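Morning, everyone. Let me put the structure up, and then I'll take you through it piece by piece.

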Amino acid sequence: MSTTETTPESTLTLYERIGGAAAVEAAVEVFYKKALADYRVYRYFDGVDTEKLIAKQKAFFTLAFGGPNNYTGADLRTAHSRLVKMGLGNDQFNVILEHLGDTLKELKVPQDLIEEVLTLAESTRNDVLGK
Ligand code: HEM
């Protein structure tokens with residue numbers, strides 16, 4: 001009999017199942033290029049410094065993967081309020097979800113996990129858009 005303890009798949013969080021911090025690093029890399037090259041959303045990233053953008057992307061993915069983070073709805077509201085004044089709305093939110101899904105697909109994340117991530121991201125819509 002083995003004494004090695006293994007964690008059943010079902011008790012792992014989405015963040016763990018997707019690959020944790022390493023998956024966040026990989027996703028940031030791919031997603032960042034897509035969002036900044038997209039004429040439908042790049043103006044919102046204008047003037048935000050690179051350090052801050054990378055930190056933002058990491059926080060974004062950690063949150064989207066259901067991982068450890070300190071963000072609340074109120075923080076998401078505050079973080080995006082300037083962008084909402086610039087016109088950020090459902091259309092731009094949808095574009096970001098599209099890039100999120102495409103990024104995970106490219107990284108060969110299984111479809112069921114992609115669905116979970118998109119559902120989680122969708123749940124932040126009203127906060128991000130200040131509704
Ligand atoms: C699933 C939806 C989203 C989540 C979970 C999310 C997450 C975050 C977080 C956590 C921050 C704060 C980073 C920090 O300052 O520490 C942030 C900032 C930011 N987000 Fe999002 N975001 C979402 C949607 C969007 C959309 C749709 C856009 C634009 C098209 C966007 C553009 C930005 C920009 C430009 C900042 C930096 C704002 C600034 O420094 O003034 N985000 N986001």
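Read from the N terminus, the elements run α-α-α-α-α-α-α. That is 7 helices and 0 strands. Keep in mind that this is a predicted model.

Overall dimensions next. Along the principal axes, the C-alpha atoms fill a box of roughly 65 × 30 × 25 Å. The protein has 131 residues, and 21% of them are buried. Now take the contacts with a separation of 6 or more. Of these, 78% join residues 24 or more positions apart.

On to the helix packing. I'll start with H2, residues 20-36, and H3, residues 50-64. Their axes are 9 Å apart, and the angle is about 120°. An angle of about 120° makes H2 oblique to H3. The crossing of H2 past H3 is right-handed. Which residues make the contact? From H2, we have Val24, Ala27, Val28, Phe31 and Tyr32. From H3, we have Ile54, Gln57, Lys58, Phe61 and Thr62. By type, that contact divides into 7 nonpolar, 2 polar and 1 charged.

H2 also packs on H5. Here the axes come within 9 Å and cross at roughly 135°. Again the angle makes the pair oblique, H2 to H5. This crossing is right-handed too. On the H2 side, the residues are Ala27, Val30, Phe31, Lys34 and Ala35. They meet Ile96, His99, Leu100, Asp102, Thr103, Leu104 and Glu106 in H5. The split for H2 with H5 is 7 nonpolar, 2 polar and 3 charged. Look at Ala27 and Phe31. Both are in the contact with H3, and both are in the contact with H5.

Now the ligand. How many residues surround the ligand? There are 24, and the closest are Lys56, Ala59, Ala79, Ile96 and Ala121. You have met Ile96 already, as one of the H5 residues that meet H2. Which helix gives the most to this shell? H3 does, with 7 residues. At least two residues each come from H3, from H4, which is 73-85, and from H5, which is 90-106. As for chemistry, the shell divides into 18 nonpolar, 3 polar and 3 charged.

Two loop residues before I stop.

One is phenylalanine 45, in the loop between H2 and H3. Is it buried, exposed or partly exposed? Phenylalanine 45 has 15 other C-beta atoms within 10 Å, so it is partly exposed. A residue needs 20 or more to be buried, and 12 or fewer to be exposed. Leave aside its neighbours within four places in sequence, and phenylalanine 45 is in contact with Ala35, Leu36 and Leu53. Of these, Ala35 also belongs to the H2 side of the contact with H5. Then there is leucine 83, 38 residues from phenylalanine 45 along the chain. The C-alpha atoms of these two are separated by 9.1 Å.

The other is lysine 108, in the loop between H5 and helix H6, which is 111-122. What is the phi of lysine 108? The angle is positive, about 65°, although this residue is not a glycine. Lysine 108 has 6 other C-beta atoms within 10 Å, so it is exposed.

That's my tour. Questions, please.

Conventions:
Residues numbered from 1 in each chain as written. Predicted model: local features only at pLDDT ≥ 70, side-chain atom pairs only at ≥ 80, totals over all residues. Axes fitted to C-alpha atoms, helices over the stretch in contact; angles between N-to-C directions. Helix = DSSP H or I, 4+ residues; strand = E, 2+ residues; numbered from the N terminus. Parallel < 35°, antiparallel > 145°, perpendicular 65-115°, else oblique. Left-handed = near helix turned anticlockwise from the far one by under 90°. Contact = placed C-beta atoms within 7 Å. Nonpolar A, V, L, I, M, F, W, Y, C, P; charged D, E, K, R; others polar. Near = placed C-beta within 6 Å.
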